[in-house]
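Here is a brief report on a ligand site and the protein around it. Look at the ligand first, then at the chain as a whole.

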Amino acid sequence: MPRDRERLAAREALARARRVVFFTGAGVSAESGLATFRDAGGLWEGVRPERVATPEAFAEDPAFVWRFYLARRAAAAATSPNPAHRAMAEYARSDHREVAVVTQNVDGLHQVAGSANVLELHGSLWRTRCEACGAVAEDRATSFSEVPPRCRCGGMLRPDIVWFGEALPPTVFQAASQAARRCEVCVVVGTSAVVYPAAGIPYEAARAGARILVVNAEETEHAREADWFLEGKAGEILPDFL
Ligand code: OAD
C-alpha cells in the first residue's frame with residue numbers, strides 16, 4: 001500500500017476503534033532520554049544481561065545488580081514522559097474507548113503521562129520484593145545506605161523486575177492476553193519484540209481478529225507481518241496520529 005494510503009487507513013481504523021491495546025517497549029521512552037536495550041549504545045551493549053538480569057546474577061552479586069537498577073532508577077527519575085506517552089494517554093481519555101497499555105517498560109512513564117490501565121509485563125523499577133517473605137513495596141529511592149537493602153523481616157530485597165528465566169506475573173499476563181484478544185486494533189510501539197512471552201501479545205491480538213499497526217524506528221518481524229507499519233520516531237508519529 002502506498003505510504004499515504006497506509007497512514008490514512010491506519011488513522012481511520014484508530015479513529016473508529018473502541019477497544020485498543022498499545023503494546024510498548026523501550027523505544028517509547030527513548031525520546032525521554034532513556035537508553036533502549038538493543039540499539040547502538042543500548043543497555044545490553046554496556047553490560048551482558050546475564051550479569052544483571054537473571055536470578056543467578058542476583059544470587060552471586062546482589063550489590064552489582066542493585067547498582068545497575070539504581071542507575072536506571074536515577075535515569076528514569078530524571079526524565080519525564082514524551083509526546084508518545086502523552087498521545088497514548090490522551091487517546092484513552094477521548095471518547096468511550098477501552099484502552100490498555102501493555103508495556104515491557106519498567107520506568108513508569110506511561111502512568112506519569114496519565115495512562116490509567118497500564119499492564120507492566122516486566123515489573124517495575126519502582127518496587128522492591130523481599131526474597132524471604134515475598135513482600136512487595138513501592139520504593140522510589142535512588143540510593144540506599146546498605147546495598148542490597150533489607151526487608152523489615154531481615155530478608156534481602158530485590159528489584160520487582162522480571163528477569164530472564166523467570167515467569168511473567170500471571171495476573172498481569174492474563175489481563176494483557178485478555179485485552180489483546182478483545183481489541184480491534186493493537187498498536188505495537190518502540191519494541192524489537194524479540195523477548196517472549198511478552199512479544200506474543202500482538203500475535204494473540206492478530207489471531208483474534210485485530211488489525212496490527214507497528215510504529216517503530218526500524219523494521220522488525222512484527223512490522224513485516226503487520227497490517228500497517230509506520231517507520232520513525234514514536235514521539236513524532238503518534239501525536240499526529242492519535
Ligand atoms: P529493544 O531495545 O530491544 O528495542 C527497542 C526498539 O525501539 C528497537 O526496535 C528500536 O528501533 C526502536 N526505537 C528506538 N527509538 C525509537 C523511537 N524514538 N521511536 C520508535 N521506536 C524506537 O527494547 P524492548 O523491545 O523494549 O526485558 O526490549 C524488550 C525487553 O528486552 C525489555 O523489556 C527487557 C529487555 O531485555 C527485561 O529486562 C526482562
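In this predicted model, a backbone N or O atom of alanine 26 lies 2.8 Å from an oxygen atom of the ligand. Phenylalanine 37 also offers a backbone N or O atom, 2.8 Å from a ligand oxygen. At alanine 234, the partner is a nitrogen atom of the ligand, and the distance is 2.9 Å. The protein covers 96% of the 800 Å² of accessible area that the ligand has on its own.

The backbone contacts are listed here.

| Residue (backbone N or O) | Ligand atom | Distance |
|---|---|---|
| Alanine 26 | oxygen | 2.8 Å |
| Phenylalanine 37 | oxygen | 2.8 Å |
| Alanine 234 | nitrogen | 2.9 Å |

Where does the ligand sit? It occupies the largest pocket. Around the ligand are 25 residues. Ala26, Phe37, Arg38, Thr191 and Ser192 come nearest. By class, the shell holds 10 nonpolar, 10 polar and five charged residues.

Now the chain. It is divided into domain 1 (1-33 + 80-122 + 168-242) and domain 2 (35-78 + 124-161). The centres of the two domains, taken over C-alpha atoms, are 26 Å apart. How many residues of each domain are in contact with the other? The contact involves 12 residues of domain 1 and 12 residues of domain 2.

Both domains contribute to the ligand site. The shell around the ligand draws at least three residues from each of domain 1 and domain 2.

Terms used
Residues are numbered from 1 along each chain as its sequence is written. This is a predicted model: local features need pLDDT of at least 70, side-chain atom pairs count only at pLDDT 80 or more; totals for chains, interfaces and linings use all residues. Side-chain values use heavy atoms; hydrogens and water are left out. A residue is near a molecule or strand if one of its heavy atoms lies within 4 Å of it. A polar contact is a pair of N or O atoms within 3.5 Å; within protein, one must be able to donate a hydrogen and the other to accept it, and residues adjacent in sequence count only if both atoms are side-chain atoms. Accessible areas come from the Shrake-Rupley method with a 1.4 Å probe; for residues, only the protein chains shown count as cover. On a 1 Å grid over the protein atoms alone, a cavity is a set of points where a 1.4 Å probe fits but cannot get out, and a pocket is an open set with protein on both sides within 12 Å along at least five of seven lines; lining residues have an atom within 4 Å of a point. A molecule sits in a cavity or pocket if more than half of its atoms lie within 2 Å of its grid points. Ala, Val, Leu, Ile, Met, Phe, Trp, Tyr, Cys and Pro count as nonpolar, Asp, Glu, Lys and Arg as charged, and the others, Gly among them, as polar. Domain bounds come from an automatic or database domain assignment. Contact means heavy atoms within 4.5 Å.
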